[in-house]
Amino acid sequence: MGTADPLTPPHPAHAGPDPHDEKRWLILVTVCIAQLMLLVDSTVVNVALPSAQSALEFSTANREWVVTAYVLAFGSLLPLGGRMSDLWGRKLMFVVGALGFAVASAAGGAAQSFTMLIVARAAQGLFGALLAPAAIAMIAVTFTDPTERAKAFSAFGAIGAAAGALGLLLGGVLTNYVSWRWSMYVNVVFAALALFGAVTLMANNTNPEKPRLDLLGTALATSGLLGLVFGAAKAQTEGWGGAISVIPLIAGGVLLLAFLASQRLAAYPLMPLHVVGDRNRGSGLLVLFLATVAIFSMFLFLTYYFQGVLHYSPVRTGLAFLPLPVGIVISASIVQAGLVSRFPSRVFFGVGLLVAMAGMFLLTQIDVDTHYYTWTLAGLALVGLGIGPPTVVGLDLSSAGIDAEDVGVAGSLANVVQQIGPAIGIAVLSTVAATATAHYEAGHAGLDDLAARATVHGFTTAFWYGTAIFAAAAVVCTTLVRTGTRTGATTDPMEIEALANFEAA
């Protein structure tokens with residue numbers, strides 16, 4: 001299988017005439033509902049955790065497994081889910097994933113024990129790993145016009161980037177006014193809407209060649225990702241020096257290297273290396289990874305800051321995050337309204353990430369007695385305005401130029417980096433924050449409100465690291481993407497070369 005032109009939309013190989021032409025925007029709505037469900041779930045449960053812990057009477061030490069069980073299953077099985085959607089059809093995997101996620105969510109909401117809740121969360125992760133790659137792949141094969149494809153990924157990316165903050169608000173409302181169980185039951189509503197749209201609108205395009213599944217690659221990729229996610233999750237609570245963190249991280253890295261080596265020899269590779277070997281796709285994946293490292297770490301520390309230091313209620317905490325999704329929606333809408341085809345992709349990476357960096361810098365200025373309207377509101381708004389454009393352009397680039405039989409793989413990679421990013425980012429920056437907090441306490445003994453001030457100092461130190469991450473992402477990703485690359489623009493090679501020459505001059 002040859003390397004496709006990175007600026008050309010997926011070739012409709014094995015797909016026949018496009019069956020989605022009249023229904024493509026309704027299909028996009030369906031896919032966005034599924035994406036909203038998956039990403040809202042990643043934060044809505046966090047807000048409900050204290051109430052769930054009280055109701056089911058499990059220990060604080062075990063509480064992390066409510067999140068970890070989901071992330072482990074989701075993150076480690078995504079490559080398999082992506083390849084299954086390529087082999088057996090995106091609609092089939094979408095339907096199976098949405099249906100399974102709904103059943104697992106209902107079981108979690110009805111859980112009467114900690115064990116039942118953990119099993120349900122793991123099942124959510126498993127079915128989410130089937131659903132998420134199929135969702136991105138469905139956009140890639142449905143929207144074959146570059147301009148429309150850019151608009152579709154803009155909408156999809158805006159929802160994805162804003163969903164975490166919306167999940168915090170929804171979790172607060174449901175936990176405060178209904179029950180923590182509705183943080184799980186609400187997924188059944190989302191899934192029902194997504195299933196109706198999938199069954200009535202989508203066609204199940206498959207590869208008639210029916211290549212065999214790469215069992216060795218599946219085992220290596222799944223176990224390698226499992227090691228990385230598990231090690232990062234344990235490092236968050238046990239530190240980076242313990243064997244329970246270090247051994248899984250090392251083993252995961254070795255297994256992933258072995259996986260990459262195996263893909264060179266496999267007749268039907270789980271992840272064809274040309275999918276990740278292209279500079280444009282690599283820049284798109286790197287943007288998604290670094291953005292999630294910074295954003296989800298910010299969610300965690302600001303949630304603790306709002307509730308633990310400023311004593312906000314869960315609902316008020318969710319409302320405090322609203323400038324972020326509002327900023328994302330505004331900037332993503334402006335980009336998809338026509339700018340995406342007029343300016344090079346590197347402009348959206350560079351400018352967007354620098355604006356997000358400025359917002360994160362403002363968050364480094366907060367203190368125990370800082371008013372919300374002084375730094376926090378402006379910081380969240382700038383992060384939202386800045387992160388919207390690079391996220392939507394990065395999503396588009398991450399699957400640009402992929403043949404139809406590999407779009408599921410590309411979709412799984414986009415989801416993998418967005419799952420691994422928060423796991424590693426939260427683990428690393430939590431350690432940074434904890435270390436900074438301890439040093440502050442040791443150097444300021446006897447200070448009034450020492451515990452609160454030390455805690456906030458830890459948070460702002462982590463925000464300084466987030467500022468540096470955005471700055472590094474702006475430099476690296478802007479440099480990595482090819483000159484002349486424009487999503488939603490022409491795919492004519494001569495015109496692309498002319499644009500590249502013009503920009504180079």
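This dialogue shows how to read several features of one predicted model.

Trainee: What should be known about the model before reading it?

Mentor: The model is predicted; local features need pLDDT of at least 70, side-chain atom pairs count only at pLDDT 80 or more, and totals for chains, interfaces and linings use all residues. Residues are numbered from 1 along each chain as its sequence is written, and side-chain values use heavy atoms, leaving out hydrogens and water.

Trainee: Is Trp 180 buried or exposed?

Mentor: Buried means under 20% relative accessible area, exposed over 50%, and partly exposed in between, with a 1.4 Å probe and protein chains only. Trp 180 has 8% relative accessibility and therefore counts as buried. Trp 180 sits in the loop between H5 and H6, where helices (H or I, at least four residues) and strands (E, at least two) are DSSP runs numbered from the N terminus.

Trainee: Which residues does Trp 180 contact, beyond its neighbours within four places in sequence?

Mentor: Contact means heavy atoms within 4.5 Å. The partners of Trp 180 are Ala 48, Ser 51, Ala 52, Ala 55, Leu 56, Gly 108 and Thr 175. In addition, the C-alpha atoms of Trp 180 and Pro 50 are 8.9 Å apart, although 130 residues separate the two in sequence.

Trainee: How many disulfides are there?

Mentor: A disulfide is a covalent bond between the sulfur atoms of two cysteines. The rule asks for a pair of cysteine sulfur atoms within 2.5 Å, and by this rule the count is zero. As for individual cysteines, Cys 32 counts as buried because its relative accessibility is 7%, and Cys 477 is buried at 0%.

Trainee: What is the sign of phi at Glu 57 and at Asp 449?

Mentor: Most residues other than glycine have a negative phi. Glu 57, however, has a positive phi of about 55 degrees, and Asp 449 also has a positive value, near 55 degrees. Glu 57 lies in the loop between helix H1 (24-56) and helix H2 (60-88), and its 72% relative accessibility makes it exposed. Asp 449 lies in the loop between helix H15 (407-443) and helix H16 (450-480); it is exposed, at 53%.

Trainee: Where is Lys 91, and what does its side chain approach?

Mentor: Lys 91 belongs to helix H3 (residues 90-109). A polar atom of the Lys 91 side chain lies 3.4 Å from the backbone oxygen of Val 199. Not counting residues up to four places away in sequence, Lys 91 touches several residues, including Met 138, Ala 198 and Met 202.

Key. A polar contact is a pair of N or O atoms within 3.5 Å; within protein, one must be able to donate a hydrogen and the other to accept it, and residues adjacent in sequence count only if both atoms are side-chain atoms.
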